[in-house]
Amino acid sequence: MARIYETNKEGHLTIGGLDALDLADTFQTPVIVYDVAKIRNEAQEMHHAFQKRNLSYQIAYASKAFSCKAMVQLAEEEGLSLDVVSGGELHTALLAGFPTERIHFHGNNKSEAELKMAIEANIGCVVLDNHLEIQWLQSLCNEANATMNVLLRVTPGIEAHTHDYILTGQEDSKFGFDLQSGQANAAFEAVNASSRLCFKGLHCHIGSQIFEATGFTHAAEKLIALLSEWKVKYNQEAEVLNIGGGFGIRYTDEDTPMPIGLVLGEVLDYISSAVLERGLAMPEVWIEPGRSLVGEAATTLYTLGSRKDIPGIRTYVSVDGGMSDNLRPALYQAKYDAALAERPNAGADETVSIAGKCCETGDMLIWDVALPQSSAGDILAVPSTGAYGYSMANHYNRNPRPAVVFIENGEAFTAIRRETYEDLTQFDLTLRNYKKTETTI
Ligand SMILES: Cc1ncc(COP(=O)(O)O)c(C=O)c1O
Ligand SMILES: N[C@@H](CCCC[NH3+])C(=O)O
């Protein structure tokens, strides 16, 4: 069904109840605007799915989807835990005052420095991904006279239906310990032999932007089978079963996600019965949603600029952003909707393609979108840009990154200020300085 945009009495697009044209005027464009209530609602739906079933659980917001201090604080307010995958995300969480015992550290190549940071911050757990990391974490814990809770990330050999680049649960993957070849058993034995590492459970993540519950239930089935094998083999049960994130959202009419409560409900019911059937103790169930918490909550506002008509071929309309604030179309051929903020629900007059301003043929935000007649200076709204937009934004062509604005209770505030040209050049040394640096060899 075609998207119907929320409007005010002037017929302008509203975001969190505020007029998008006013927002563009106040904060300039491009700007990524979050309707905070949508994030809170999603979080509450997820909590409800667990609570309805009386399960012990954690919902760890995958902060790679969008991380900044305000977002981390919002996650805390909503009773979420936090998944970080880098020293930078951990640093952000610590600066934002996030409770460290609810931080989980992920990544397929965590450095020793990052692991040390995790130990010093006394975070909730490290999700172990490879053998080198087991060695490092063990010896860093020895040095610090500390212990660390760990989950083992396993690749369950599930091929969920999504873009190849965002698939992660298949056997041929850079992530986690492989089930088939016995890597996972070897990892468990190494952890078990360590007095510093405390095995808490298993983790898997099958990929991202997944609509069907079956991918998750198949993965859970494999993990539960493994736990049941380990119960016999090692007399070990798990306190935690983490089934990762990956719940899909609506970008365009082609996407038809079920409400999160329904998908999650189906997965949780499956886990409860499979655990019971295998005679295992019910573990805490953890999930790690990123996209589904924040994706649909944001809309990016751009200003339209130049137009190029190629008769009989295509009309390109350019915006003042592009792959520098939203890499997803270029990286995954991801599709988005767009509307004119002044009359978002008006009928279409033409089909145009929305081009970014980067010096790159592939910098196309949307191919062939039906829009009312537009002209330079109009504000274009692109919904569902809340996940992996700002977090993958970059400085290509030395474009400053946009501002991020949060709207709540009818008020807008800047969560991340727009970058300036000074910000862009702040790390540059001049040729003369460069020659004087001590690291020059
Ligand atoms: C380990 C892990 N957990 C959680 C996520 C979050 O995924 P999503 O944003 O699709 O919910 C990802 C990203 O795909 C991930 O790699
Ligand atoms: N960044 C990706 C998803 C990868 C998620 C992290 N494992 C996207 O925009 O869809």
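**Figure 1. The two domains of the protein chain in the predicted model.** The domain assignment divides the chain into domain 1, made of residues 14-34 + 295-425, and domain 2, made of residues 36-293. Taken over C-alpha atoms, the centres of domain 1 and domain 2 are 32 Å apart. Across the boundary, 23 residues of domain 1 are in contact with 22 residues of domain 2. On the side of domain 1 that touches domain 2, the elements giving two or more residues are helix α11 (328-332) and the strands β19 (403-408) and β20 (411-416). Among these elements, β19 gives the most, with four residues. This side of domain 1 consists of 14 nonpolar, five polar and four charged residues.

**Figure 2. The surroundings of ligand 1.** There are 17 residues around ligand 1, and those that come nearest are Ala62, Ser208, Gly245, Gly290 and Arg291. By residue type, the shell around ligand 1 holds five nonpolar, nine polar and three charged residues.

**Figure 3. Residues that UniProt annotates as "binding site".** The unreviewed UniProt entry lists Gly246, Glu288, Pro289, Gly290, Arg291 and Tyr388 under this annotation. Gly246 lies in the loop between β11 (240-242) and α9 (260-277). Is Gly246 buried or exposed? Gly246 counts as buried because 28 other C-beta atoms lie within 10 Å, and the cut-off for a buried residue is 20 or more. Not counting residues up to four places away in sequence, Gly246 touches His205, Ile206, Gly207, Ser208 and Ile210. Arg291 belongs to helix α10 (residues 291-294). Arg291 is likewise buried, since it has 25 C-beta neighbours inside 10 Å. Apart from neighbours within four places in sequence, the contacts of Arg291 are Ala65, Ser208, Gln209, Ile249, Ala387 and Tyr388. Ser208 is thus a contact of Gly246 and also of Arg291.

**Figure 4. Lys64, listed by UniProt as a modified residue.** For Lys64, the unreviewed entry gives "modified residue: N6-(pyridoxal phosphate)lysine". Lys64 is placed in the loop between β4 (57-62) and α3 (69-77). With 21 other C-beta atoms within 10 Å, Lys64 is buried. Which residues does Lys64 touch, not counting those up to four places away in sequence? They are Val85, Glu89, Gly290 and Ser391. Gly290 also appears in the "binding site" annotation and among the residues that come nearest to ligand 1.

**Figure 5. Helix α5 and the elements that cover its buried residues.** Helix α5 spans residues 112-120, and its buried residues are Glu114, Leu115, Ala118 and Ile119. These residues lie on the same side of α5, because they cover an arc of only 140° around the axis. An α-helix has 3.6 residues a turn, so residues three or four places apart point the same way. The buried residues of α5 are covered by elements that include the helices α4 (87-95) and α6 (131-144) and the strands β6 (103-105), β7 (125-128) and β8 (148-155). Just after α5 comes Asn122, with a positive phi of about 55°.

**Figure 6. Val275 in helix α9.** Val275 is buried, as 21 other C-beta atoms lie within 10 Å. Not counting residues up to four places away in sequence, Val275 touches Ile224, Leu280 and Met282. How many residues apart along the chain are Val275 and Leu227? They are 48 residues apart along the chain, and their C-alpha atoms are separated by 9.4 Å.

**Figure 7. Backbone details at Pro30, Asn54 and Arg398.** The peptide bond that joins Thr29 to Pro30 is cis, with omega near -10°. Pro30 is found in the loop between α1 (20-27) and β3 (31-35). Asn54 is not a glycine, yet its phi is positive, near 55°. Asn54 is located in the loop between α2 (36-51) and β4 (57-62), and it is exposed, with 9 other C-beta atoms within 10 Å. Arg398 also has a positive phi, of about 55°, although it is not a glycine. Arg398 occupies the loop between β18 (379-383) and β19. Arg398 is exposed because 9 other C-beta atoms lie within 10 Å, and the cut-off for an exposed residue is 12 or fewer.

Technical notes. Residues numbered from 1 in each chain as written. Chains lettered and ligands numbered in written order. Predicted model: local features only at pLDDT ≥ 70, side-chain atom pairs only at ≥ 80, totals over all residues. UniProt positions renumbered as here; feature names shortened; annotations may be inferred. Contact = placed C-beta atoms within 7 Å. Domains from an automatic or database assignment. Nonpolar A, V, L, I, M, F, W, Y, C, P; charged D, E, K, R; others polar. Near = placed C-beta within 6 Å. Arc of directions from axis to C-beta.
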